[in-house]
Amino acid sequence: MKYILEYKEKELEQELKPSFRARQVYTWIFKKYVDKFEDMKNLPKELKTELSAKYSFTKMEIKKKEKSEDGCIKYLFELEDGHTIEAVLLLMKKKKEDENGKIIKSEQYTFCLSSQIGCKVGCAFCLTAKSGFVRNLRSSEIVAQVIKIKKDNNINEDKAVNIVYMGMGEPLDNFDNLIRAIEILSEENGLSISTRRQTISTSGISSKIKKLGEKNLGVQLAISLHAVDDELRSKLIPMNKAYNISTIIQAVKDFPKDMRKGIMFEYLVMKDLNDGLDSAKKLLSLLNGIKAKVNLIYFNPHIGANFQRPTRENMLKFQKYLNDRGLICTIRSSKGLDISAACGQLKEKEKNEYN
Ligand code: SAH
Ligand code: SF4
């Protein structure tokens with residue numbers, strides 16, 4: 001059995017006769033969020049039977065759903081083999097001016113997706129790391145997270161959405177499936193989420209950043225840097241011993257120019273560890289010559305974590321130091337983002353409640 005969500009439209013055209021059926025199936029799946037062939041009303045009965053025999057949909061069942069104060073929704077999804085993953089719908093209100101100069105508020109949707117069940121990288125501060133690595137997600141399991149969230153919230157097919165691969169797992173460690181998912185999500189007659197609206201967050205596998213650059217997909221890149229010297233970074237992210245800071249900086253510099261407009265550097269701030277202005281100063285010199293933005297993230301404490309949340313005062317000082325010197329620096333403010341950043345927390349909660 002093949003997974004229908006793993007097909008690009010052109011590939012489906014090769015398998016369906018006449019080929020215009022591919023467009024119809026695509027419309028049902030990606031624009032009407034239908035997940036049964038028998039519900040595809042304009043297809044002949046024989047074709048529906050044939051499709052059901054040949055292809056299957058990908059299970060993505062809502063096991064738990066939590067709404068945060070600011071309207072963000074966290075999902076815990078159950079997969080075919082019973083494992084669970086998290087995804088988050090982030091809502092951001094944006095103010096825009098219309099043609100008459102009137103301020104209008106529009107909602108911006110961002111979907112935070114998982115790429116693996118667990119993670120191999122083993123970062124000291126991350127809850128996902130604690131559960132170890134189970135398996136890579138199939139490309140259809142990445143795509144299905146988007147469809148499920150869109151359907152559950154009645155998000156219209158025309159509404160532009162953003163994707164960030166910041167849920168559970170290291171996306172570049174599931175390279176081929178990730179690339180296929182990105183391409184399927186961007187299919188014009190499907191969900192049509194442009195690659196420019198998709199951001200890959202990576203803990204810094206330099207060799208894979210290079211490989212991604214060679215693909216020239218137009219995706220945005222976010223680097224989870226978190227430390228400015230290799231000694232601390234290797235303690236936080238063991239993989240840093242193999243791919244140290246200078247290899248990451250080099251890989252980012254080599255990333256194709258048109259895709260380099262503003263590489264995001266994420267900096268997880270932990271009290272008394274990396275929150276001082278000495279770190280800010282080193283960060284500034286490290287990023288010298290790169291069109292970069294910095295996003296400061298409050299460490300989100302969880303049971304068993306050996307790190308502490310920084311003070312607001314230190315966060316603001318750190319931010320000001322960089323901004324004053326021309327490096328754009330933001331502080332992750334959304335509660336939903338805060339919670340989702342500490343990926344693995346919803347899953348962990350569920351486990352505790354059941355055990
Ligand atoms: N593996 C990728 C993407 C998933 S993690 C990566 O590491 O970039 C997404 C983000 O959540 C990363 O920036 C990660 O550092 C951050 N994160 C992990 N644990 C966190 C915690 N306890 N508090 C705040 N952010 C956390
Ligand atoms: Fe994996 Fe990212 Fe968590 Fe590190 S922070 S363990 S790379 S998911």
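The exercises below work through a predicted model, each with a solution in steps.

**Exercise 1. Find into which domains the protein chain is divided, and how far apart their centres lie.**

Begin with the division itself: the protein chain falls into domain 1, covering residues 1–46, and domain 2, covering 58–93 together with 106–353. Next, take the centres over C-alpha atoms, which places domain 1 and domain 2 at a separation of 32 Å. Finally, look at the contact between them, to which domain 1 gives 15 residues and domain 2 gives 21 residues.

**Exercise 2. Describe the largest nonpolar core, and say which helix gives the largest share of it.**

The largest nonpolar core holds 105 residues, and those with the most contacts inside it are V25, F111, F125, L212, F265 and V294. Turning to where the residues of this core come from, helix α6, residues 175–185, supplies the largest share, namely seven residues. In terms of domains, at least three residues of this core are drawn from each of domain 1 (1–46) and domain 2 (58–93 + 106–353). Apart from this core there lies another, of seven residues, among them C112, V164, M166 and A222.

**Exercise 3. Determine which residues of α6 are buried, and what covers them.**

First list the buried residues of α6, which are F175, L178, I179, A181, I182, I184 and L185. Then ask what lies over them: the cover includes the helices α2, α5 (139–152) and α7, along with the strands β9 (161–165) and β10 (198–202).

**Exercise 4. Identify the residues that surround ligand 2, and sort them by class.**

The residues around ligand 2 are C119, V121, G122, C123, F125, C126, A129, G169, E170 and S203. Sorted by class, this shell has six nonpolar, three polar and one charged residues. Two members of the shell can be followed further. C126 has a relative accessibility of 15%, and because buried means under 20%, C126 counts as buried. F125, for its part, touches H226, L236, I237, L268, M270, F299, H302 and F307, when residues up to four places away in sequence are not counted.

**Exercise 5. Work out how many disulfides the structure holds, and where C329 stands in this respect.**

The structure holds zero disulfides. For C329, which is in no disulfide, the nearest cysteine sulfur belongs to C112 and is 20 Å away, whereas a disulfide needs two cysteine sulfur atoms within 2.5 Å. As to its surroundings, C329 has a relative accessibility of 3% and therefore counts as buried.

**Exercise 6. Compare N216 and H226 in their phi angles, their places in the chain and their exposure.**

Take the angles to begin with: N216 has a positive phi, near 50°, in a residue other than glycine, and H226, although not a glycine, has a positive phi of about 65°. Then locate each residue: N216 sits in the loop between α7 (206–215) and β11 (220–224), while H226 is found in the loop between β11 and α8 (230–236). Lastly, consider exposure: N216 has a relative accessible area of 44% and so is partly exposed, whereas H226, at 5% relative accessibility, counts as buried.

**Exercise 7. State where P18 is found, and describe the peptide bond that leads from K17 to it.**

P18 belongs to the loop between α1 (9–15) and α2 (20–30). The peptide bond from K17 to P18 is cis, and its omega is near -15°.

Notes
Residues are numbered from 1 along each chain as its sequence is written. Chains are lettered from A and ligands numbered from 1 in the order in which they are written. This is a predicted model: local features need pLDDT of at least 70, side-chain atom pairs count only at pLDDT 80 or more; totals for chains, interfaces and linings use all residues. Side-chain values use heavy atoms; hydrogens and water are left out. Buried means under 20% relative accessible area, exposed over 50%, partly exposed in between (1.4 Å probe, protein chains only). A residue is near a molecule or strand if one of its heavy atoms lies within 4 Å of it. Ala, Val, Leu, Ile, Met, Phe, Trp, Tyr, Cys and Pro count as nonpolar, Asp, Glu, Lys and Arg as charged, and the others, Gly among them, as polar. A nonpolar core is a set of buried Ala, Val, Leu, Ile, Met, Phe, Trp, Tyr and Cys residues joined through side-chain atoms within 4.5 Å. Helices (H or I, at least four residues) and strands (E, at least two) are DSSP runs, numbered from the N terminus. Domain bounds come from an automatic or database domain assignment. Contact means heavy atoms within 4.5 Å.
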